[in-house]
Amino acid sequence: MQQSSALRTLERVLSRAVAVGDANKQSGPILCSLMGLKEQPSSTVEFYGLLNKAQEEAEEIKKIPEIDRYLQALEDLRDRFARQNVWSDQW
């Protein structure tokens, strides 16, 4: 089975964000920091790009049993981050 770099990277970033993210801090700086990016609004484009690439990769591996629940989780994440202002909403 081919491994997915975007899916793995997204999983690592979000797992670390959950583990070390401060609920009193803004989401944007947390995500940027964990991705090794400058903590500025324009850097979040990289996070959204990663999120989109992860979904594209997941769509390509639909042969995996029960992948639909993971695809739904990715869609939910995209919706969440599309509605959230990561520079004003707290983690």
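## Close-up views of a core and its rings

**View 1. Leu51 and its contacts in the predicted model.** Leaving aside residues up to four places away in sequence, Leu51 touches Leu10, Leu74, Leu77, Arg78 and Phe81. Keep Leu10, Leu74 and Phe81 in mind, since they return in the next view.

**View 2. The largest nonpolar core.** This core has 19 residues, and those touching the most other members are Leu10, Leu14, Leu31, Phe47, Leu51, Leu74 and Phe81. Helix H1 (5–20), helix H2 (27–34), H3 and H4 are the elements that each give two or more residues to this core.

**View 3. Phe47 beside Tyr48.** Two aromatic pairs are found in the structure. In the pair shown here, the ring centres of Phe47 and Tyr48 are 5.8 Å apart; the planes meet at 65 degrees, and because an angle over 60 counts as edge-to-face, so does this pair. How do the two residues fare for burial, buried or partly exposed? Phe47 has a relative accessible area of 2% and is buried, whereas Tyr48, at 26%, is partly exposed.

**View 4. Phe47 and Phe81, a pair between two helices.** Here the ring centres lie 4.8 Å apart with the planes at 70 degrees, so Phe47 and Phe81 are also edge-to-face. Phe47 belongs to helix H3 (residues 44–60) and Phe81 to helix H4 (residues 67–83); the pair thus links distant parts of the chain, 34 residues apart. Both Phe47 and Phe81 are buried.

**View 5. The ring cluster.** Take a step back and the ring pairs join up: they link Phe47, Tyr48 and Phe81 into a cluster.

Terms used. Residues are numbered from 1 along each chain as its sequence is written. This is a predicted model: local features need pLDDT of at least 70, side-chain atom pairs count only at pLDDT 80 or more; totals for chains, interfaces and linings use all residues. Side-chain values use heavy atoms; hydrogens and water are left out. Rings of Phe, Tyr and Trp (its six-membered ring) pair if their centres lie within 6.5 Å; planes under 30 degrees apart count as stacked, over 60 as edge-to-face and the rest as tilted. Buried means under 20% relative accessible area, exposed over 50%, partly exposed in between (1.4 Å probe, protein chains only). Helices (H or I, at least four residues) and strands (E, at least two) are DSSP runs, numbered from the N terminus. A nonpolar core is a set of buried Ala, Val, Leu, Ile, Met, Phe, Trp, Tyr and Cys residues joined through side-chain atoms within 4.5 Å. Contact means heavy atoms within 4.5 Å.
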